[in-house]
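Subject: Handing over a structure, with notes

Dear colleague,

I am passing this structure on to you, and I would be glad if you looked through it with the notes below at hand.

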Amino acid sequence: MMRSLFSGVSGLQNHQTRMDVIGNNISNINTTGFKRNRVNFHDMLYQQLQGAARPTAEVGGVNPREVGLGMSIASIDTIHIQGTLQTTGVQTDLAITGNGFFVLDDRGTQLYTRAGAFSLDAEGILVNPANGMRVMGWMANEVDGGFTVLDVSRPVEQLEIPVGGKDPARATTIVNFACNLDKRIPELPENPTEYQIFRSTWATSIYIFDSFGEAHTLQVEFTRVPGNPNSWTAEVVVNPQNEISTNTSVGFGEDDPEAGGATVFTLNFSNNGTLISAVDEDGNESGGAGYVQMFVGFDVPDADLNEDGTVFRQNFVLNLGEVGGFTNSMTQFAEASSTRMVEQDGRTMGYLDNFRIDQSGIINGIFSNGTSRVLGQVALATFANQGGLEKVGDNAFRQSNNSGLANIGASGVAGRGRIISGTLEMSNVDMADQFVDMIVTQRGFQANSRTIQTADQLLQELLTLKR
């Protein structure tokens with residue numbers, strides 16, 4: 001009878017533990033990124049009253065006689081199934097669809113979480129505002145030419161989004177032309193009138209930028225070459241509206257066209273309307289390498305003189321397209337002349353106005369000068385056994401001996417899920433499931449208490465036999 005008492009006690013204790021777990025699940029039903037727990041029981045020790053006997057020629061085998069000594073907790077598992085996603089509209093709120101955890105830095109210790117309710121602190125660092133843990137990832141590095149690259153093979157670092165930070169001005173280095181010149185435009189007569197000159201030319205312009213970020217007007221005027229139906233002259237001028245000349249010059253084969261040089265070159269097309277070559281006034285031809293390009297230089301107004309006392313000049317490439325190309329090249333078809341796809345790579349200075357986080361976790365900064373630049377990328381971690389992670393509170397987990405090492409990398413790669421901005425993952429606790437489990441646990445506790453009461457009554461009867 002003492003065995004039944006202790007078995008009942010073990011049932012009470014462990015069903016109480018199970019009720020504690022259920023209570024914790026229900027209390028966190030609205031906790032962002034919470035993963036519910038589940039309690040599993042198993043039977044405990046057995047007292048063997050009689051061992052098993054094998055069959056003989058005279059009698060059959062005998063099964064063992066064993067009395068159980070109660071039950072205990074086999075495991076308390078964390079159920080890492082996906083929680084429901086809720087849209088918040090806050091761009092720093094992040095949720096993960098699929099496997100993975102956000103990586104947090106807690107005073108030098110790496111922790112992991114599914115709760116993505118992040119924000120920026122006073123220094124522009126992406127953090128968990130509840131505890132100040134910093135979200136980890138990779139910052140983009142600037143390389144030559146003003147471009148940025150991400151190296152996700154480096155160790156993770158804190159992510160800084162400097163809202164209001166500056167994007168430096170960038171001088172124009174290349175201007176791409178993909179215009180069409182109307183083959184139907186008439187050639188210039190020997191003594192043209194102003195109207196005939198107007199009808200025989202086509203001009204297009206675009207803003208370019210110097211190293212200070214100041215805009216200048218680049219104008220290119222095309223004119224039909226008399227007697228040659230597939231050739232046009234192109235005159236290049238920077239700031240034609242200014243009273244003081246910028247000494248624009250153009251040429252091929254010179255990286256630095258000198259001031260006072262030629263401003264006109266000739267474009268040649270084939271009979272099917274595609275570009276063949278460009279020839280400057282010195283007879284140098286561009287197009288042999290498969291692309292037609294001319295070098296342009298101009299004096300930058302209000303700039304200091306160079307160390308040798310010369311005027312500061314800026315040079316850029318005028319890219320007219322691929323030889324024989326259609327899509328991104330100059331063409332000559334019997335369609336209206338156009339300025340389609342005229343672009344350049346310079347910009348004025350700008351400020352970081354806003355940012356966006358895409359499904360790969362890449363943070364794109366949006367600047368007031370119209371540019372968009374990669375600032376960094378949020379890292380995700382996966383584990384061979386995510387059920388082996390230890391809960392440390394604050395919606396965070398830490399690595400354990402049975403979780404495996406953290407495999408940190410970019411989202412959407414090697415089985416990692418994707419990141420959705422403006423969304424939070426809710427708790428995966430199912431209230432109906434927990435209430436049913438609560439009823440079952442309550443009945444189990446009551447049944448074990450009845451076992452103790454009944455065993456006590458049996459002992460009481462035993463004690464009264466002598467009366």
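The notes that follow go from the chain as a whole to its helices, then to one sheet, and then to a few single residues.

Please keep in mind throughout that this is a predicted model, and that the values below were computed from it.

The whole chain

The secondary structure of the protein chain comes to three helices and 35 strands. Along its principal axes the C-alpha trace spans about 145 × 60 × 40 Å, and the radius of gyration of the chain is 39 Å, whereas a compact globule of 467 residues would have one near 23 Å. Of the 467 residues, 40% count as buried, and the chain exposes about 24700 Å², of which carbon and sulfur atoms supply 51%. If one takes the contacts between residues at least 6 apart in sequence, 63% of them join residues at least 24 apart.

Helices H1 and H3

Helix H3 covers residues 431-463, which makes 33 residues, and from its first C-alpha to its last it reaches 48 Å, close to the 48 Å expected at 1.5 Å a residue. Just before this helix, Asp430 caps its N-terminal end, with a side-chain oxygen lying 3.0 Å from the backbone nitrogen of Ala432. The buried residues of H3 are Gln434, Thr441, Gly444, Asn448 and Ala455, and they pack against helix H1, which covers residues 2-27.

For H1, the 26 residues should span 38 Å at 1.5 Å a residue, and the end C-alpha atoms are indeed 38 Å apart, so the two values agree. Among the buried residues of H1 are Leu5, Leu12, His15, Arg18, Val21 and Ile22. What do the buried residues of H1 pack against? Their partners are H3 and three strands, namely E1 (37-43), E3 (65-68) and E4 (71-78).

A five-stranded sheet

Five strands form an open sheet with mixed pairing, in the order E20-E24-E25-E16-E26. Strand E20 (249-251) and strand E26 (343-344) stand at the edges and have a single partner strand each, so one side of each is left without a neighbour in the sheet.

Starting from the E20 edge, E20 and E24 pair in the antiparallel sense over three bridges, and one bridge of this pair sets Ser249 opposite Gly297 of E24. Strand E24 (residues 291-299) is mostly covered, since seven of its nine residues are buried. Nine bridges then join E24 to strand E25 (residues 313-322), again in an antiparallel arrangement, and here Asp299 has Arg313 of E25 as its bridge partner. At the other edge, strand E16 (residues 174-176) is joined to E26 by two bridges, and these strands also run antiparallel; the bridge partner of Asn176 in E26 is Glu343.

Single residues

Thr423 lies in strand E35, which covers residues 423-425. Is Thr423 buried or exposed? Its relative accessibility is 7%, and because the cut-off for buried is under 20%, Thr423 counts as buried. Leaving aside neighbours within four places in sequence, Thr423 is in contact with Leu85, Gln86, Thr87, Thr88, Asp93, Leu94 and Ala95.

Ser427 is found in the loop between E35 and H3, and with a relative accessible area of 8% this residue is buried as well. The side chain of Ser427 reaches the backbone oxygen of Asn28 at 3.2 Å, while the backbone nitrogen of Val429 lies 3.1 Å from a polar atom of the Ser427 side chain. Asn28 is also among the residues in contact with Ser427 once neighbours within four places in sequence are left aside, and the others are Ile29, Thr31, Gly33, Phe34 and Gly83.

Asn141, finally, lies in strand E12 (residues 141-142) and is partly exposed, with a relative accessible area of 36%. How far apart are Asn141 and Gly376 in sequence, and how far apart in space? They are 235 residues apart in sequence, yet their C-alpha atoms are 8.6 Å apart.

With best wishes

Methods
Residues are numbered from 1 along each chain as its sequence is written. This is a predicted model: local features need pLDDT of at least 70, side-chain atom pairs count only at pLDDT 80 or more; totals for chains, interfaces and linings use all residues. Side-chain values use heavy atoms; hydrogens and water are left out. Helices (H or I, at least four residues) and strands (E, at least two) are DSSP runs, numbered from the N terminus. The expected span of a helix is 1.5 Å times one less than its number of residues. Buried means under 20% relative accessible area, exposed over 50%, partly exposed in between (1.4 Å probe, protein chains only). Contact means heavy atoms within 4.5 Å. A polar contact is a pair of N or O atoms within 3.5 Å; within protein, one must be able to donate a hydrogen and the other to accept it, and residues adjacent in sequence count only if both atoms are side-chain atoms. The radius of gyration is taken over C-alpha atoms; the globule rule is 2.2 Å times the number of residues to the power 0.38. Accessible areas come from the Shrake-Rupley method with a 1.4 Å probe; for residues, only the protein chains shown count as cover. Two strands pair if DSSP finds at least two bridges between them.
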